[in-house]
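Biologist: I should like to look closely at one part of this model. Please describe that part and what surrounds it along the chain.

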Amino acid sequence: MEGVRPMFERFTKDARRAVETAQQYAAEVHAVEVREEHLALGVVTATDSPAVSALELAGATAEVRARLQAELIALCRRAGVTDADADALRELGIDVDEVLDRLEELAQVPAGWPATRLRDRLFRRRVSDGTVLPAVPWSDNAKGVLERALREAVDRRDAHIDDGHVLVALLNGDGVVAETMARHDITYTVVRRALAQRN
């Protein structure tokens with residue numbers, strides 16, 4: 001998490017949970033880097049946090065959040081390929097989900113290998129204090145989201161960065177997460193207004 005660690009000290013417990021959950025999702029789908037969609041999953045899977053409160057104030061019911069979560073999981077699995085992209089590829093005769101199913105079959109743990117040993121060897125690293133962390137680096141885009149979360153906190157004169165700031169940062173741009181959430185009427189303006197109501 002090079003480049004992310006210095007601001008991590010200002011993160012609240014829920015923001016840290018979102019970051020750690022993003023790392024776990026990225027490691028579970030064997031992503032080559034932690035991307036914004038992993039971070040979005042870390043935010044929307046919280047059960048009680050500033051981001052969840054903002055989503056509820058913005059009109060996102062539990063049902064909407066469940067659909068959003070399913071769409072983000074699909075986005076993570078497809079490495080950022082949106083439903084629209086997948087539909088376009090399907091028209092060209094390429095079924096992204098079938099390709100991924102086949103790749104996952106091919107990537108099964110070989111017979112006789114302890115699964116945890118292989119996973120640790122491929123996807124984890126041990127740091128100097130003995131802690132084992134996923135060895136998934138952060139994409140520039142995901143680092144940018146965390147930097148925008150910091151700027152959002154500074155703009156609001158908050159001394160901390162919570163997952164509500166991270167949610168606003170995810171929506172402040174034209175990435176796949178903002179596009180996915182906009183289909184559920186969850187936008188930068190709506191969520192920022194909801195966070196303002198919270199205070």
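Biologist: How far apart are the end C-alpha atoms of helix α9 (residues 140-155), and what should the span of its 16 residues be at 1.5 Å a residue?

Modeller: The end C-alpha atoms of helix α9 are 22 Å apart, and this agrees with the 22 Å that its 16 residues should span at 1.5 Å a residue. The expected span is 1.5 Å times one less than the number of residues in the helix. A helix here is a DSSP run of H or I with at least four residues, a strand is a run of E with at least two, and both are numbered from the N terminus.

Two remarks on the source should come before the details. The model is predicted, so that local features need pLDDT of at least 70 and side-chain atom pairs count only at pLDDT 80 or more, whereas totals for chains, interfaces and linings use all residues. Residues are numbered from 1 along each chain as its sequence is written, and side-chain values use heavy atoms, with hydrogens and water left out.

The setting of α9 is a chain that holds 12 helices and two strands. Their order along the sequence is α-α-α-α-α-α-α-α-β-β-α-α-α-α, and in this pattern α9 is the helix that follows the two strands. The chain has 199 residues, and 43% of them count as buried (under 20% relative accessible area, with exposed being over 50% and partly exposed in between, for a 1.4 Å probe and protein chains only). Among the contacts (heavy atoms within 4.5 Å) with a separation of 6 or more, 64% are between residues 24 or more positions apart.

Within α9, the buried residues are Ala142, Gly144, Val145, Leu146, Ala149, Glu152 and Ala153. Charged Glu152 thus appears in this list beside residues such as Val145 and Leu146 (nonpolar are Ala, Val, Leu, Ile, Met, Phe, Trp, Tyr, Cys and Pro, charged are Asp, Glu, Lys and Arg, and polar are the others, including Gly).

Beyond the helix, the chain enters the loop between α9 and α10 (163-171), where Arg157 has its place. Arg157, just after α9, takes a positive phi of about 60°, in a residue other than glycine. Most residues other than glycine have a negative phi. Arg157 is also exposed, because its relative accessible area is 78%.

Further along this loop lies Ile161. Whereas Arg157 is exposed, Ile161 is buried, since its relative accessible area is 0%. Ile161 and Ala149 stand 12 residues apart in sequence, and their C-alpha atoms are 6.9 Å apart in space. Ala149 is itself one of the buried residues of α9.

Two other places may be set beside this one. Asp185, in the loop between α11 (176-182) and α12 (188-198), has a positive phi near 60° and is a residue other than glycine. Asp185 is exposed because its relative accessible area is 58%. In helix α4 (residues 50-57), the buried residues are Pro50, Ala51, Val52, Ala54 and Leu55. Helix α4 is followed by Gly59, which has a positive phi near 95°.

To return to the part requested, α9 has the span expected for its 16 residues, and the loop after α9 holds both exposed Arg157 and buried Ile161.
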